[in-house]
Structure formats: C-alpha cells, structure tokens
Amino acid sequence: MRSVATKISLILLVGIILGCNAVKRVDENEHLLTENSIYQDGEKISTKEIYGQLSQRPNIELPLIGVPLRLHIYNTAKPEPDSSFYNWLYKKPKREERLIKFLSKKQVERLGNSYVNFNEFLKETGEAPVILNENKAENSANQLRAWYWNHGWFNAETDFEITKSKNKRASIDYYVKTHQAYILDSIENRIVTPVADSIYQNHKDESLIISGEQFNTQKFEAERERITRLFRNNGLFHFEQDYVSFDADTINTNHKANIDLVVANREVQKEDTTYRVPYKIHKISEVNIFLDYEYAKRGSPITDSAQVETYNVYSFDEMEFKPEAITDAVFIKKGEVYRDLDRSLTYKRMNELRIFKYPNIQYMPDPRDTTGTKLISNIFLTPKPKFGVDFNFDVSQSNIQDFGIGFGGSLLIRNVFGGAEIFEVAGRTSIGSSKDAADSEDRFFNISEVGADVKLTFPKIAFLFNTEGIIPKSMSPFTTLSVGVSTQNNIGLDKQNVTGKYFYRWYPSEELTHRFELLDLQYVRNLNTGNYFNVYRNSYNRLNEIAQNNIDQVNPDYFEPIDPSDNNPPDLIIPDGTSGFINDINNNAISLNSDEEQEASNIIERQDRLTEDNLIIGSNFNFIKNTRENIYDEEFTQFRVKLEAVGNTLSLLAPVLNLKENDNNTYDLFGVQFSQYVKTEIDFIKHWNLGQKNILAIRALGGIAIPYGNSNSIPFARSFFAGGANDNRGWQAYDLGPGSTGGVNEFNEANMKLTFNTEYRFNLFGALNSAVFVDVGNIWNIWDSVEDEKAVFSSLSDIKELSVSSGFGFRYDLDFFVIRLDIGFKTYNPAASDQQWFRDYNFGNAVYNVGINYPF
C-alpha cells in the first residue's frame with residue numbers, strides 16, 4: 001500500500017509540473033481562458049449563482065493547488081493518434097517488418113488500435129482547453145444583464161474587457177452597473193371565476209409576492225406553482241399552471257412595480273370551437289379499487305367484490321386481500337373535494353406497502369351527474385409476485401478472523417395473512433480461518449458462524465388502542481416484529497446471540513422520520529470464556545509481564561514448562577495459568593506494587609465485563625430530520641437524535657417478580673444480570689454544494705451511556721468505539737482511546753464519544769473523485785467502573801485528549817454505489833509521550849481505509 005500511495009503522490013506532482021504546459025493544444029492565434037471576474041458597481045464579487053450565468057468558464061482546477069488536471073490529461077493525448085502511430089511505425093526502415101515477424105500482422109494492427117483507443121480515452125477523461133471566444137463573452141454579458149433584470153435591476157448595464165497575454169492566455173473582466181432596483185408596490189388580482197377568487201382570498205396571506213420587497217422573477221414562478229397547488233387541492237380539477245399570469249406596470253412609477261395577478265377561465269375545445277368557462281369545484285362521487293388488474297383482464301368480468309365504508313373493492317379473481325387493509329392506504333374519499341394531495345399520498349402509501357406495482361389512479365366524469373362537478377376515481381392495482389428470493393455472498397476480514405467466506409439467502413412472502421403484511425426469513429452462514437480459534441488443529445477453515453432472522457411487517461400501528469388520532473395514516477405508519485439468532489463456533493469467545501425487536505416507524509413529513517422501539521431485546525451468551533486471553537493478546541501480555549515480574553510468588557504450575565536453553569522467563573498457560581493467577585490476585589495471595597495492582601485490576605475488570613453474559617431489555621426512540629430530496633441533492637442537512645432506556649421496567653418489577661440478588665447485590669433474570677442504563681446519541685451532518693462537483697461536508701457526533709441501578713458498566717455490544725473508515729481515519733477501528741491510554745487493548749471501547757469531521761470533496765476527472773479531510777474525536781469512560789485516569793473524562797480539560805487525523809482519499813462513482821479509499825495520518829495523538837503533533841505523519845504509519853459510499 002505504501003508504493004500505491006507513493007505513485008499517487010507522484011501522479012499529483014507530475015500534474016503540477018505539467019501546469020507550465022497548459023497551452024500545449026492552443027494554436028498561435030488562440031488564447032486559453034484562465035480567469036473570469038465579475039465586478040458589480042466597481043466591487044469584485046464571488047457569488048456562485050452569478051458566475052453560473054457565464055457561457056464560457058476556465059478549465060476546472062483542482063482545489064487548493066490550482067492545477068487544471070483534466071486539461072493536462074487531455075493535452076497528453078495525440079491530436080491524431082492514428083497518423084501518429086503509423087508515422088512511428090514507418091519512421092525507421094524495417095520496424096514494421098520486425099514487429100510483424102515478432103508479433104504477427106494482426107497483432108500490430110491491434111497495437112495500433114490500442115494506441116488510438118488509449119488516446120481517445122485520454123481525451124474523454126480529460127477536458128479540452130477552453131479557448132477564448134469573444135462571441136461567448138458578449139453572450140455572457142447579455143446573460144448577466146438578464147440575470148440582474150430577473151432580480152429587479154431593470155436598468156442594469158453590462159460590459160466586458162478581455163486581457164490577452166503573450167503566453168497565449170487570456171482573462172475576462174465583466175462589469176455590471178445595477179442602477180436602482182425596482183420594488184414591488186401595489187399587488188392586485190383579476191380572477192374571473194368567483195369560486196377561484198374566493199379560494200385565493202382565503203389564502204392570500206400565504207402569497208410569496210409581497211409589497212415592499214425587491215422584484216424577483218423566481219418569486220413569481222414560485223407563486224404560480226403555489227396558486228396551482230392551492231386550486232388543485234381545493235377542488236379545481238381542470239386547473240393548469242398556464243392559466244396564471246402576472247402583468248407588471250413600471251412606467252413612470254419611480255422604480256416601483258405595480259403587479260396584477262391574472263387567472264383566466266378554463267379553456268375548452270369542442271370540435272373546431274375554443275371557448276372559456278368558469279371553474280367548478282369537483283367532488284368525488286365514487287371510489288373504485290381493482291385489486292388484481294392486468295391489461296389482459298381489462299375486458300373480463302368482475303368475480304368478487306366488497307364494500308368497505310364508501311369504497312368499492314373489486315377483483316377479477318377470488319379476492320386475496322383483506323379489503324380494509326387496502327382501503328387504509330387510499331386517501332381519496334367519496335364525498336370529499338378533489339385534491340391532488342390525496343392522489344399523491346395514495347401513490348406514496350401504495351408503493352410503501354411493497355405489495356403492488358406502481359398503481360394507476362384515474363379520474364373520470366360521473367355520467368350520472370348533470371352538474372358537471374362529480375368525479376369517479378378508479379384505482380388499478382397490480383400485485384407483485386407473492387414470493388421473492390435473494391442470495392448473497394461475501395468475503396471478509398476482521399481483527400479476529402484472518403479470512404472468511406459468507407453465504408446468505410432470504411425469502412420474502414407478500415400479503416402473508418391477507419392484510420398486506422410482509423414476512424421475511426433470512427439465513428446466513430460463514431466459515432473462516434483464525435489463528436486465535438479455540439481449536440485450530442490443522443484445518444484452514446477452523447471457525448464458523450450460523451444465523452437466522454425472521455421479520456414480520458404490518459402496514460399500521462399495532463397497539464393496544466387506536467392511534468389514528470396521534471399517528472394518522474398520512475404519516476405512513478408501520479409496525480415490525482423481528483427475531484434473530486446466531487451462534488459462533490471457535491471464534492473469539494464463541495457467542496450465542498438472540499435479538500428481538502418490536503418497533504414502530506412513521507413519517508410526520510417529507511423530512512422527518514420517527515422510529516420507536518417499544519421492545520429491544522438482546523441476549524448474549526459466551527460459550528468459550530477460557531479463550532479470552534487468546535483473543536485479547538494485549539491483555540494477556542500485560543498480565544503475563546506482571547506474573548513474570550513476581551515469578552517467585554506465582555505457583556510454578558501456572559507457567560509453561562521451563563526450557564533450559566531459553567533464558568527468557570516462562571509464560572502463563574492459557575486458560576489454567578491465567579485463571580489461577582487472577583484468583584490468587586483476587587484472594588490477596590500475591591503482593592503486587594501499586595502500579596501492578598492497578599494494572600491487574602484493570603485487566604481483571606475488563607475480562608469480567610467482556611466475558612459476562614448480557615441481557616438487554618429496553619426501549620428507544622429515534623428522531624431523524626433529513627432535508628435531502630433525492631440522491632442527486634448535494635446540499636442538505638441531516639439531524640438524528642436517539643434516546644435509549646434499558647432495564648428500567650425490569651428493575652421496577654424485580655421485587656414483584658421475586659428476582660434473586662447475586663453476590664454483587666444486583667438482580668438476575670434467568671441466571672443473567674440484566675443491564676440498566678440510559679443512552680443518548682446526537683448526529684448532525686451538513687453538506688454545501690460549492691459548484692462544479694465541489695462539496696464541503698461536516699459532521700458532529702456525540703454520545704453518552706450512563707449505567708446505574710443494576711449495572712456499573714455498559715455492555716460491549718452497546719458501547720462506543722473510535723477509529724475506522726467512517727470515523728477518525730488516522731486510526732483503525734477500535735484502536736483509538738479511551739482518552740490518552742493509547743489504545744492498549746485489541747478492542748477499545750467506552751461509554752462516551754465525541755467526533756467531528758470535515759471533508760472537502762472534488763472531482764479529479766470522469767467518475768474519479770477525491771477528498772481531503774480532517775477528523776477529530778475520541779472516546780472516554782465516565783460514571784462507570786473504569787478507574788484509569790487516562791481513560792476517564794473527569795473535567796472539561798480532558799477535551800485536550802481529542803485526537804486529530806487528516807488525509808486524503810479517492811472515490812470511484814459507479815452510480816449505484818461509490819468505492820472509497822481514504823488514507824489517514826495521525827496528526828495529533830494525545831497518547832504520545834512526546835511530540836504529540838505530526839509524530840507519525842508519514843505513509844509508513846498511515847491507515848488505509850477501504851469503504852463503500854461516503855463516510856457521512
């Protein structure tokens with residue numbers, strides 16, 4: 001990996017050197033455009049939106065170093081590669097003959113094609129030089145004038161000046177004189193249809209066109225859209241946006257604009273005659289739902305039907321769905337005013353069910369109506385296949401597992417009980433190789449894991465009472481019940497894991513997601529605790545060193561047989577020797593100095609915590625706000641808060657249930673001390689789109705878990721860790737912290753965490769992007785059983801233990817996911833005894849993180 005990083009650095013260096021030859025493909029009478037500058041009323045501006053109006057922009061440069069890398073890549077390509085190849089081939093006598101003799105004539109032709117294709121690839125990957133074009137400069141000036149006009153400066157003047165240098169480079173300065181802006185003054189409306197005017201007047205306060213503000217064309221477009229939505233959500237079925245227009249009077253008004261809002265009547269065409277009629281408020285007279293529609297069945301008779309409230313439910317074959325389960329997903333109601341919103345909500349909810357293909361919702365005039373105001377809504381649904389099967393395969397590596405192969409499969413059953421439920425069964429198994437396996441023998445694959453998950457999802461809130469008044473169906477509620485089991489053999493401590501969840505999720509708005517886990521259960525059982533010191537080798541080495549330092553006090557049977565030819569002291573035997581030595585320490589049979597006693601206490605406390613069985617029963621609530629509209633939206637905010645409470649109900653019921661107390665004066669349930677703690681996490685992400693594929697992204701994350709009552713520590717599975725591909729990238733996962741301890745354990749975790757990330761992302765060329773980043777963060781112990789001062793957050797002064805890493809990365813965008821390589825350097829290491837800044841800032845100590853998609 002070090003050689004790869006060196007090559008990357010060399011490529012960047014070569015790109016910088018090539019910067020002096022940027023005009024390589026610029027003809028003598030041409031000039032490379034290197035800079036655009038815009039001056040508004042004599043002052044240079046940098047507003048991204050205004051620069052976006054220019055027709056011609058310089059070649060894209062890499063941030064920070066200012067090198068037009070894609071231009072240099074383009075310049076390395078031969079303009080006419082076909083001619084260049086044959087000129088080279090025929091330049092020396094007998095070169096072609098020797099190549100044909102060595103390769104064959106066909107291979108020489110392929111060599112030429114490869115040469116041509118490679119140069120075409122360089123051209124496509126790179127960017128042709130942007131040649132100064134005065135016509136485009138003039139067009140840019142006109143577009144600037146149009147932009148300022150659209151923002152209220154009707155008398156704006158624009159001009160430009162081109163500066164050409166002798167080295168075939170040029171820059172353009174654009175000058176804008178805005179003059180006085182026009183302000184909105186009187187705003188009147190001329191809405192011909194009375195019912196439309198009445199609707200508008202009732203919502204006039206929501207208008208985006210406000211007297212006293214500066215004229216802005218975008219506000220008028222937004223107002224047209226608002227009025228259209230307003231009318232179409234209040235019964236005006238035939239209304240279109242084209243019927244809304246604005247007239248502006250700016251003549252002799254002293255830079256004020258008087259606005260008239262005009263809403264024309266509906267245009268109707270009958271045969272060769274076109275005329276206008278007033279709008280009418282339409283109501284729904286009937287809602288028909290066809291559960292198994294297919295194009296081939298369009299002429300077939302209905303064989304099954306049902307009436308649910310005001311809905312007519314039909315089926316061409318025998319009905320497989322409970323009608324009320326489907327009508328719950330329909331927001332169009334008989335007798336109510338037509339609304340676009342009801343149709344959109346119905347589309348959305350039907351898609352969320354994952355039962356039907358995209359629905360077809362149609363409206364038609366009711367032939368029984370003589371007033372022309374009634375509509376019949378027909379909803380055509382086509383079920384997806386009842387069964388869905390999926391398989392997966394993966395290769396993995398971890399701190400315990402040197403190499404692993406995983407297999408998995410899942411079965412999905414739709415409409416399992418007839419109420420649009422989704423039932424999923426998934427199984428997984430893996431085999432792997434580990435030097436720390438409990439029984440490695442001579443087999444390569446000496447560890448394994450098997451697991452299964454079952455999940456049932458209901459399209460409603462399944463609770464003791466009706467929650468429609470609190471969580472209406474417009475919030476897309478779901479209830480999920482899931483159970484999972486897994487077991488590991490000869491890997492780590494050989495765990496058995498059982499999980500169970502009963503949770504609700506709903507969406508109060510397009511940006512908000514709520515998830516409430518009424519029951520979150522996890523039971524972890526360690527089957528092979530004797531393998532602890534094989535897995536946690538650092539803990540073993542420290543314990544072994546203490547034993548060797550006090551070898552005269554330690555039972556010789558705890559050590560491996562002494563080799564007379566080896567001058568080194570013997571090592572503790574795992575597990576008998578380590579267990580015996582720890583028992584003697586606990587029984588005060590061995591006298592240690594204060595430092596050794598503290599070190600041994602830390603090791604024993606950690607072993608007890610990581611080998612104990614865990615029983616976690618609690619509830620949690622997730623609040624998520626995400627302003628991202630789609631995957632292409634590059635400017636958005638995400639905010640997530642999670643609140644978790646575990647063990648409180650059990651603690652209250654313990655006396656009632658007559659639960660037994662253990663030696664620690666805490667309660668056991670089924671022979672396991674249940675956990676009790678509260679935990680909260682806050683995660684904030686913000687992205688800014690700087691234009692030309694440049695993105696600035698930041699993240700701030702904080703979390704704390706406080707044990708109390710029946711616990712004095714947090715279960716390993718629910719604690720925090722730092723480092724890794726999505727965290728502090730200068731450290732491997734679990735290697736950072738706690739505090740300034742220096743990550744002395746294999747898996748370092750704690751119950752408090754702070755992380756701050758900043759990343760600047762930019763495009764190199766084509767689908768290859770890059771980024772530079774700074775990560776700040778650490779984990780600490782607080783209010784738990786850990787006593788090591790270096791690991792504990794005891795005061796605000798411990799903020800100085802925040803570790804800093806920085807680096808750069810490459811990301812290849814495959815559209816459906818991104819492959820990511822980040823190279824992180826330890827920039828500030830609070831655990832270092834000296835030179836905490838930039839001590840290991842080199843490729844030899846860098847951490848190479850490979851990941852899928854962006855870290856935040």
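**View 1. Glu 309, Glu 324, Asp 328 and Glu 468 make up a negative patch on the surface.** Like the other close-ups here, this one comes from a predicted model. If you want a landmark, pick Asp 328: look for this residue in the loop that runs between helix H10 (323-327) and helix H11 (340-353). Asp 328 has a relative accessible area of 43%, so it counts as partly exposed.

**View 2. Here the charge is positive: Lys 91, Lys 92, Lys 94 and Arg 98 gather in a surface patch.** Lys 92 sits in the loop between helix H4 (81-91) and helix H5 (95-103). Its relative accessibility comes out at 47%, which means Lys 92 is classed as partly exposed.

**View 3. Lys 297 and Asp 292 pair up in a salt bridge.** Now for opposite charges that meet: the structure holds 43 salt bridges, and the next few views pick out some of them. In this pair, the closest N and O atoms are 3.8 Å apart. Are the two partners buried or exposed? Both Lys 297 and Asp 292 are buried.

**View 4. Arg 606 reaches Glu 749 through a side-chain salt bridge, at 3.1 Å from N to O.** Arg 606 belongs to helix H15 (residues 594-611), while Glu 749 is in the loop between strand S27 (694-707) and strand S28 (752-765), so this contact ties together parts that are 143 residues apart in sequence. Both Arg 606 and Glu 749 are buried.

**View 5. Glu 681 and Arg 640 form a salt bridge, with 3.5 Å between the closest N and O atoms.** This one links two strands: Glu 681 lies in strand S26 (residues 677-691) and Arg 640 in strand S23 (residues 636-646), so the pair ties together parts that are 41 residues apart in sequence. How do the partners fare for exposure? Glu 681 has a relative accessible area of 14%, under the 20% cut-off, so it is buried. Arg 640, with a relative accessible area of 21%, is not under that 20% cut-off, so it counts as partly exposed.

**View 6. Salt bridges can also share partners, as they do in the network that takes in Arg 729 and Asp 822.** Which other residues belong to this network? Glu 759, Arg 761, Asp 775, Arg 811 and Arg 820 are joined into it as well.

Definitions and conventions
Residues numbered from 1 in each chain as written. Predicted model: local features only at pLDDT ≥ 70, side-chain atom pairs only at ≥ 80, totals over all residues. Heavy atoms only, no water. Patch = residues over 30% accessible without salt bridge, like charges linked within 9 Å, V, L, I, M, F, W, Y side chains within 5 Å. Areas by Shrake-Rupley, 256 points an atom, 1.4 Å probe, with all protein chains shown as cover. Salt bridge = Lys/Arg side-chain N within 4 Å of Asp/Glu carboxyl O. Lys, Arg positive; Asp, Glu negative; His and termini not counted. Charge placed at Lys NZ, Arg CZ, Asp CG, Glu CD. Helix = DSSP H or I, 4+ residues; strand = E, 2+ residues; numbered from the N terminus. Buried < 20%, exposed > 50% of the residue type's maximum accessible area, 1.4 Å probe, protein only.
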